[in-house]
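Hi,

Here is the structure I promised to pass on. Have a look at it first, then read my notes below.

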Amino acid sequence: MGGRYCSECDEWCSSSQFSSNQWRKGDGCSRCKSCVGGGINFQCGECYRQFNSQNELNMHMQVHRPRNVACPICGEQRFRSGANAVQHVESGYCTGCRGQDNARQQIYEFARRQSGMQQFLTGTPMLTNGGHYDSIPDFPYQCRECAKSFRQMSQLLQHQDQKHNRYTHRIGY
């Protein structure tokens with residue numbers, strides 16, 4: 001497979017000692033995993049597993065969360081985060097939604113009814129004659145911290161959890 005010199009520590013490293021992103025940068029620009037991570041290992045305080053980055057540790061920590069979040073539609077309480085509960089609805093497996101086609105509409109209407117969730121909606125679609133919403137915008141949810149827009153509520157919740165440390169254990173309210 002070969003190897004190359006790390007551009008930071010000038011040591012010869014095999015290709016496995018570089019992340020795929022660093023390897024693609026090419027000779028003279030790639031940094032080995034030790035230099036990228038600063039040689040620091042990140043350890044889980046619960047199970048003592050070691051990780052190469054803070055991001056990997058943050059992702060792992062989700063497995064230690066209690067399963068105490070309820071689905072906003074059917075009420076089933078078995079999820080570790082609000083994002084997981086919303087994914088359950090968006091996937092079409094929620095018994096309260098009658099399929100995946102209806103799920104996106106259910107989540108959007110749920111968010112619209114909850115005063116605590118309205119701050120995440122990007123816009124309100126036009127009302128039809130019957131008082132029901134005609135359509136959902138393509139990217140109806142927006143992060144209030146960085147203004148990034150999302151097509152699905154679960155994507156917004158995951159983004160907030162991972163990028164802004166906003167863990168959602170209750171949806172709405």
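Tyrosine 5 and tryptophan 12 are both exposed, and keep in mind that this is a predicted model. These two residues also pair up through their rings: the centres are 5.0 Å apart and the planes meet at 75°, an edge-to-face arrangement. In total, the structure has three aromatic pairs. While you are looking at rings, check tryptophan 23 as well: arginine 4 sits over its face, 3.7 Å from the ring centre.

Next, the cysteines. How many disulfides are there? The count is zero. A disulfide needs two cysteine sulfurs within 2.5 Å. For cysteine 32, the nearest cysteine sulfur belongs to cysteine 35 and is 3.7 Å away, so cysteine 32 is in no disulfide. Cysteine 71 has a similar story: its closest cysteine sulfur is in cysteine 74, and at 3.6 Å that is too far for a bond.

Are cysteine 32 and cysteine 71 buried or exposed? Cysteine 32 is buried, at 4% relative accessible area. Cysteine 71 is buried too, with a relative accessibility of 5%.

It is worth zooming in on cysteine 32. You will find it in the loop between α1 (20–24) and α2 (33–36). Which residues does cysteine 32 touch, once you leave out those up to four places away in sequence? They are Cys6, Cys9, Cys13, Gln17 and Phe18. Try a distance in the viewer as well: the C-alpha atoms of cysteine 32 and serine 16 are 9.0 Å apart, and the two residues are separated by 16 residues along the chain.

Last stop, helix α4, which covers residues 82–90. This helix is mostly covered, with seven of its nine residues buried. Which ones are buried? Colour Gly82, Ala83, Ala85, Val86, His88, Val89 and Glu90 and you have them. Notice that the list includes His88 and Glu90 alongside Val86 and Val89. After α4 comes glycine 92, and its phi is positive, near 95°.

If you want a short route through the model, begin with the edge-to-face pair of tyrosine 5 and tryptophan 12, go on to buried cysteine 32, and finish at glycine 92 after α4.

Cheers

Key: Residues numbered from 1 in each chain as written. Predicted model: local features only at pLDDT ≥ 70, side-chain atom pairs only at ≥ 80, totals over all residues. Heavy atoms only, no water. Buried < 20%, exposed > 50% of the residue type's maximum accessible area, 1.4 Å probe, protein only. Phe/Tyr/Trp six-rings, centres within 6.5 Å; stacked < 30°, edge-to-face > 60°. Lys NZ or Arg CZ within 6 Å of the ring centre and 35° of its normal. Helix = DSSP H or I, 4+ residues; strand = E, 2+ residues; numbered from the N terminus. Contact = heavy atoms within 4.5 Å.
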